[in-house]
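Hello,

Here is the structure I promised to pass on to you. Please have it open while you read, as my notes follow just below.

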Amino acid sequence: MRKIVHWCDWDGNGLDHCSLFESSEHSILEGVVVGTRGGNYGAHYFVRTDDFFRTREVRVEYVGGPRMHIEADGKGHWHDLIRGESIPSLANCLDVDIGVTPATNTLPIKRLKLQEQKSQDILVAYVPLLAEIAGDFLPRAVQQRYSCLTLNQWYRYEGVFRGFTAELEVDKHGLVLDYPETFRRFLL
């Protein structure tokens with residue numbers, strides 16, 4: 001199954017062209033973003049999961065800027081493929097959250113399979129916006145909470161690490177429709 005979606009930022013600027021591919025063995029999210037959040041940037045992202053939606057590989061590259069390529073074993077152990085070293089600060093993270101796209105909200109929604117009115121706190125590997133990068137370009141572990149408001153349709157995302165909350169409507173593939181005050185889905 002392959003699904004193509006597009007988002008722009010809340011003010012109608014920028015473009016995120018995202019492909020979700022799902023098979024019985026893995027899922028792949030891949031996209032190209034021209035964005036304006038925190039300054040102008042272009043980026044490419046690629047995320048591969050296993051069949052349980054645990055993140056296994058992440059590549060993010062800012063045009064003319066930093067890039068990362070990391071992998072995980074699906075059990076919370078991460079490795080930097082560029083530097084050739086482990087990333088112990090990401091221990092116990094099973095998901096990735098790439099700041100330039102709402103696409104990665106799909107991964108914990110699908111992995112957690114929350115029942116209606118249930119919540120779960122998780123640690124995720126957060127990949128920062130270009131303007132947020134200080135030093136090495138690597139994710140940092142952050143706490144998030146997902147709550148199922150209406151099964152397979154509405155979820156509450158809480159970025160506990162920054163005191164941010166948003167109610168997200170998703171499509172039948174678990175992809176965000178609109179991310180209030182951040183991203184809007186649209187058709188080309």
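By class, how many nonpolar, polar and charged residues does the lining of the largest pocket have? The split is six nonpolar, four polar and four charged. Please keep in mind as you look around that this is a predicted model.

The volume of that largest pocket comes to about 210 Å³. Its lining is made up of 14 residues, and I109, K110, N152, Y155 and G174 are the ones closest to the centre.

There is also a second largest pocket, with about 160 Å³ of space. Here too the lining counts 14 residues; R37, G99, R162, Y179 and T182 lie nearest the centre of this pocket. Sorted by class, the lining of the second largest pocket has seven nonpolar, four polar and three charged residues.

Now to the strands. An open sheet is built from nine strands, which run in the order β8-β7-β6-β5-β4-β3-β2-β1-β14 with antiparallel pairing. At the edges sit β8 (85-86) and β14 (183-186), each of which pairs on one side only. As a reminder, strands of a sheet pair through backbone hydrogen bonds, either parallel or antiparallel.

If you would like one pair to trace by eye, try β1 (residues 2-9) and β2 (residues 15-22): they pair in the antiparallel sense over six bridges. A handy place to start is K3, whose bridge partner in β2 is L20.

Happy browsing, and write back with any questions.

Best wishes

Notes: Residues numbered from 1 in each chain as written. Predicted model: local features only at pLDDT ≥ 70, side-chain atom pairs only at ≥ 80, totals over all residues. Heavy atoms only, no water. 1 Å grid on protein atoms, 1.4 Å probe; cavity = no way out; pocket = protein on both sides within 12 Å on 5 of 7 lines; lining within 4 Å. Points joined across faces, edges and corners; volume = space filled by probe spheres on them. Nonpolar A, V, L, I, M, F, W, Y, C, P; charged D, E, K, R; others polar. Pairing = 2+ DSSP bridges. Helix = DSSP H or I, 4+ residues; strand = E, 2+ residues; numbered from the N terminus.
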